[in-house]
Amino acid sequence: MKKEDLFDAIGEIRSETIEKNDITAGSRKNIRVVRMTTWLVAAAVLALIVLAGGSTYRLGVQRKSLQRAESPATEMAAAEAVEEECEEDCAEEVPLMDNHDTAVCGVTEDETYPADGIMESGASAEKESQEKYVSINEFFLVGDVSVEEVQRIETVKVGRYTAQYECRQDAIEEVIKDSVGQKWEDDEEWYRVSGHDEIQYLIHVSGGKYTLWRFMYFLSEEYPFKDVLEMIYGIESADQIEAVAVYPPVPDNTGGDKGLQGEISMRYITDTADLQNLFDVLSRMTCYGRHRGELMDNGVDDLSSPATKAERCLDFFLKDGDVMGTLKYTAVSGMFYENDGAAYSRLSAQDKDIIEKMLLEIEE
Amino acid sequence: MQDNEIIELYWQRNESAIAETDRSYGKYCHRIAMNVLDNTEDADECVSDTWFRTWNSIPEDRPAHFRGYLAKITRHIAIDRWRSLTAAKRGSGNVTLALDELGECVSGSDSVESEYAAKELAASIDIFINRLSEKEQHLFVWRYFYMEPVQNIAERMQMSPNHTAVILSRIRNRLKRFLQEEGYEV
């Protein structure tokens, strides 16, 4: 076949398809303005409710039981902290975007990020205009959910790797059933989530049962993290990243960390040069897979070195609205890691310096 | 004036149909022609030819989607003109770029596949498009039907040009696989 055949055939597609994808239809900037206005109105209404009722309006502070959550003690402490904060100024709190899988560090799945407007750009507005896009948040119930305790893991062929996916047993099957996207490669049982380019989540369909699965690792002793960024999250360049939320980990309630956490607020990296530097560093890292705690040192045994001062959690918000869940960084050893023991290569002195200048600016 | 009213004028062979079509869709068709030809005069002529061809094809046709119907005619005429201009070393490089991108989906061999009727292939492409997410549909149709420059698409989608190009590349790969599954020798 020649490219001209294809080109001419595209000129013969149905008029309905052409109209549906009209090039002169309303621009996304307009959609964005409408959405921003909606949020502003919503925020104003919420403020009025709080002022008039004098009651505590609790926004999204219910917590879920999460497989990857911290210990019950720290969970409770974090929930209390959020509720206290909310009672003080929840009129300013506006839900911004899907923040699934950000529960590993100090932000829970149902908490909302501060309303500084960063996340309102492109991403969510873009998604709103797409009927077939399914936000990952839609899969999960709010509130306490009982799930099976046995972890279910399956392998999926992804390029030259075998990837491990973990079943999200707290996902709602009815929603999954309505969210089946395109078939993953030639596999008859695995599907993308509708509207998603990336494969952080896949849907498994077998015997009339629909389940949602989240990427964990590649089954390999070591592999470039760049492969994960590209093959799983679809991140091939820094300019696909809208912002990175940086925040302290859930405090250790037994030490002096809680006080420190109060001093260190969440902030966002949005500067293009910083995002580029961060992307470059991540792209150079090697992942050693799961349960490699022996490779890392985050200073938790050193009581004289409060962990929160040397640690940060990072959530990556992509311009297409997707979220890459939490990575942790510890300055103690100059390493990124994940809660379940996934370890990454130690950063070079130069990369460590770059990262720490970005992440560890403590607001004194 | 509503589309069905304009079409009714064509059926009545009322020449005001052309003026009404131009009023409603002149800019739209001009934009399509400009994306292909990148020359105002050529695009103007192309739009005039579109009205002429529409006048001749209605009432034989009674398009349910008039806007898309006009878009197809405009694109067809503009591409024909572009081909003749390209032979004369004129014409927009935008089409060449879009064509080259589509070249990644096919072998380029001049075999029996080139005898596939465009409409049959178009029906397959339609199926493919409808399996895409809405965002991907927009990207694909804007780029390869309307031949909108990647930069413009990126701005409209609030994405970077690089990201837009990456997604388009993935869509092309999927199109190639889809066509193979459909039995085309790409």
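**Chat about the two-chain model**

Modeller: Let's start with A:L6 in this predicted model. Leaving out residues up to four places away in sequence, A:L6 touches A:M1, B:L102, B:C105, B:V106, B:L121, B:I125, B:L175 and B:L179.

Colleague: Which core residues have the most contacts inside the largest nonpolar core, and how many residues does that core have?

Modeller: That core has 68 residues, and A:L6, B:Y28, B:F66, B:I125, B:F140 and B:Y146 have the most contacts inside it. Helix α4 (residues 66-87) of chain B gives the most to this core, ten residues.

Colleague: What about another core, apart from it?

Modeller: There's one of 50 residues, including A:L229, A:M324, A:Y329 and A:I355.

Colleague: Switching to salt bridges. How many over all chains?

Modeller: The count is 24. One of them pairs A:D8 with B:R83, with the closest N and O atoms 3.0 Å apart. It crosses between chains, from helix α1 (residues 3-10) of chain A to helix α4 of chain B.

Colleague: Is A:D8 buried or partly exposed?

Modeller: Partly exposed, at 29% relative accessibility. B:R83 is partly exposed too, with a relative accessible area of 29%.

Colleague: And where do A:D197 and B:K135 lie?

Modeller: A:D197 lies in the loop between β4 (190-193) and β5 of chain A, and B:K135 in helix α7 (residues 134-144) of chain B, so that pair joins two chains. Their side chains meet in a salt bridge at 4.0 Å, N to O. A:D197 is buried at 10% relative accessible area, and B:K135 is buried at 2%.

Colleague: What does B:R143 form a salt bridge with?

Modeller: With B:E101, the closest N and O atoms being 3.0 Å apart. B:R143 sits in helix α7 of chain B and B:E101 in helix α5 (residues 93-103), so the pair ties together parts 42 residues apart in sequence. Both are buried, and they belong to a salt-bridge network with B:E104 and B:R172.

Colleague: New topic: what's the strand order in the chain A sheet?

Modeller: β1-β2-β6-β5-β4-β3, an open sheet with antiparallel pairing. The edge strands are β1 (153-158) and β3 (180-183). Six bridges join β1 to β2 (residues 161-167) in chain A, and A:E154 stands opposite A:Y165 in β2.

Colleague: Where is confidence lowest and highest in chain A?

Modeller: Lowest in helix α4 (residues 72-89) of chain A, at a mean pLDDT of 36, and highest in strand β5 (residues 201-206), at 94. Over residues 49-131 of chain A the pLDDT is below 50. Where pLDDT is low, the predicted coordinates shouldn't be read in detail.

Note on methods
Residues numbered from 1 in each chain as written. Chains lettered and ligands numbered in written order. Predicted model: local features only at pLDDT ≥ 70, side-chain atom pairs only at ≥ 80, totals over all residues. Heavy atoms only, no water. pLDDT = per-residue confidence, 0-100. Helix = DSSP H or I, 4+ residues; strand = E, 2+ residues; numbered from the N terminus. Contact = heavy atoms within 4.5 Å. Core = buried A, V, L, I, M, F, W, Y, C linked by side-chain atoms within 4.5 Å. Buried < 20%, exposed > 50% of the residue type's maximum accessible area, 1.4 Å probe, protein only. Pairing = 2+ DSSP bridges.
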